[in-house]
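Please open the model in your viewer and keep the selection panel at hand. The stops below go from the contact between two chains to the site of a ligand.

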Amino acid sequence: MNDELTLDINGEQRVATVRMADTLLDVLREKLDLTGAKRGCENGDCGSCTVLADGLPVKSCMMLAVDAIGKKLTTIEGLHDDPMQHAFIEKWAFQCGYCTSGFILNARALVNQYPDATDEIMEEWLSSNICRCTSYQEIREAVKSVLKEQRFNVGRPRSRNKR
Amino acid sequence: MLPFNFEYYRPSSINEAVELFEKLDQDGKKPIYLSGGTEITTLGRLNQIFTKAVIDVKGIPECNALDFKQNSVVVGAAHTLTQVWESKILPLLGEACVKIGDRTSRNQITLGGNLASQIIYREAVLPLLLSNSTFVVAGIDGIHQISVHKIFKEKLLLKRGEFLVQIKVNGKYRNKPFFIEKKRKSERVDYPLITIETLKIDRSIRLAISGLCAFPFRSYEMEKELNKTGISLEERIDKAVLRIPAPVISDIRGTSEYRIFVLRNTLLDALIDLEGVR
Ligand SMILES: Cc1cc2nc3c(=O)[nH]c(=O)nc-3n(C[C@H](O)[C@H](O)[C@H](O)COP(=O)(O)OP(=O)(O)OC[C@H]3O[C@@H](n4cnc5c(N)ncnc54)[C@H](O)[C@@H]3O)c2cc1C
Ligand code: FES
Ligand code: FES
């Protein structure tokens with residue numbers, strides 16, 4: 001038995017015919033051609049399938065697609081020219097790249113929610129994801145550089161004329 | 001991908017949920033309640049859970065309650081562990097929730113799901129055992145309030161068709177001193193080697209543990225030994241360890257001997273912290 005459902009993904013209404021038992025990961029990859037979320041452990045451990053639901057990271061392998069109705073979903077395909085993407089490139093924060101979309105989305109949510117994130121908060125968030133190529137140090141540096149840049153930009157007056 | 005399909009229902013009231021369960025059960029659909037859905041998706045994939053119908057309790061207002069009034073803390077079973085922690089409504093519970101899984105998983109795992117879990121740790125129950133909480137349970141014959149000590153014995157003992165709506169805790173527990181420590185094998189994120197939570201009420205200490213035996217528990221016998229003053233802390237701990245209520249687990253995370261070794265040290269930290277000695 002299949003049902004049609006509409007999901008709000010990257011600002012678009014996407015319709016898919018799914019089984020109620022399909023996970024969000026299944027639907028993103030198999031029905032909507034959004035293959036940025038990766039299938040890793042499918043057990044909630046690795047985080048390669050991470051997407052954002054209403055701005056919060058979730059592991060799409062352990063969320064039913066039907067449970068995502070009404071939530072604003074962001075996948076890696078929904079980020080364009082994001083500073084976090086640039087930082088990952090600049091800091092060489094990946095090797096094979098399999099974990100990268102999950103890490104970037106998790107880190108994006110972190111800097112949105114905690115612009116003043118301490119190292120401890122950053123560690124807590126990043127430990128939801130596994131990088132088999134062990135790029136952890138570079139990933140930390142990438143996230144820190146975005147946090148730093150963001151703080152610098154917030155501290156600066158936006159326009160001199162506005163004084 | 002789950003190897004089986006099911007029907008999905010999202011009732012908006014308690015009555016609707018329990019009536020749905022009854023009907024689906026009669027139709028042979030083997031219904032189960034769903035909350036965060038993380039266990040159903042992960043164990044379902046391994047054929048360790050099977051159903052033809054799930055009833056999602058997240059749309060039920062009572063399952064989303066979060067309140068402190070008339071000196072009672074009420075937490076709906078559908079709240080995620082992140083929400084319970086961020087609400088700061090009951091630090092004793094919040095600090096237990098924030099040690100479960102990892103940050104992203106806690107955005108999905110719910111309080112009710114953890115308490116009803118098939119996985120043996122069910123760490124969120126520790127503070128609820130220590131604070132003599134009340135579980136609000138709904139079934140076809142109505143809503144019942146039951147002491148945690150009656151309904152949680154090793155695991156959540158729900159009758160067929162019942163589900164957990166809320167937990168209630170006396171407001172006095174919001175400010176009592178407690179100590180919680182989760183020891184893992186080596187990783188930052190893992191199931192516990194052992195998790196102990198202790199609570200100080202007046203001059204006595206309450207103790208609950210997960211990961212030591214095949215189920216989480218509060219032990220009055222161990223508490224009695226720990227509360228015998230007039231002997232050294234180490235002697236009190238030695239006597240308490242003799243009262244562990246069931247065989248100690250030996251598995252990939254640690255042998256039983258190692259778990260007891262870690263327990264002793266962690267209990268020492270707890271006593272030093274709560275009694276302010278040394
Ligand atoms: C990555 C990961 C890490 C984890 N780490 C830990 C850990 O460190 N410590 C720990 O204790 N656990 C841990 N767990 C286990 C987790 O807490 C349980 O699997 C829990 O059941 C998940 O909750 P959920 O809300 O997603 O449950 P669901 O998948 O919705 O349901 C799980 C079970 O509970 C039942 N249920 C759910 N809600 C109710 C309700 N309101 N009333 C009655 N029955 C209900 C369901 O029928 C089902 O049988 C971890 C799980 C994952 C995926
Ligand atoms: S594939 Fe989802 S956490 Fe590994
Ligand atoms: S870059 Fe290969 S897994 Fe992270």
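Begin by selecting chain B together with chain A, between which 18 residue pairs are in polar contact, both residues being at pLDDT 80 or more; a polar contact is a pair of N or O atoms within 3.5 Å, where within protein one must be able to donate a hydrogen and the other to accept it, and residues adjacent in sequence count only if both atoms are side-chain atoms. On the side of chain B that touches chain A, colour strand 1 (7-9), helix 2 (38-45) and helix 5 (103-106), the elements that each give two or more residues to it (helices, H or I, of at least four residues and strands, E, of at least two are DSSP runs, numbered from the N terminus). This is a predicted model, in which local features need pLDDT of at least 70 and side-chain atom pairs count only at pLDDT 80 or more, whereas totals for chains, interfaces and linings use all residues. Residues are numbered from 1 along each chain as its sequence is written, chains are lettered from A and ligands numbered from 1 in the order in which they are written, and side-chain values use heavy atoms, with hydrogens and water left out.

Widen the selection to the whole interface, where 29 residues of chain B are in contact with 31 residues of chain A (heavy atoms within 4.5 Å). Four salt bridges are counted between chain B and chain A, each being a side-chain nitrogen of Lys or Arg within 4 Å of a carboxyl oxygen of Asp or Glu. For one of them, zoom in on D67(A) and K58(B), whose closest N and O atoms are 2.9 Å apart.

Next, select ligand 1, which residues from chains A and B surround, so that the site is shared between chains. Of the 34 residues around ligand 1, those that come nearest are Y33(B), T38(B), E39(B), T110(B) and E123(B) (a residue is near if one of its heavy atoms lies within 4 Å).

Which atoms of ligand 1 should be followed to E39(B) and G113(B)? An oxygen atom of ligand 1 is 2.5 Å from an N or O atom in the side chain of E39(B), and an oxygen atom of ligand 1 is 2.8 Å from a polar backbone atom of G113(B). Turning to E123(B), one finds a polar side-chain atom 2.6 Å from a nitrogen atom of ligand 1.
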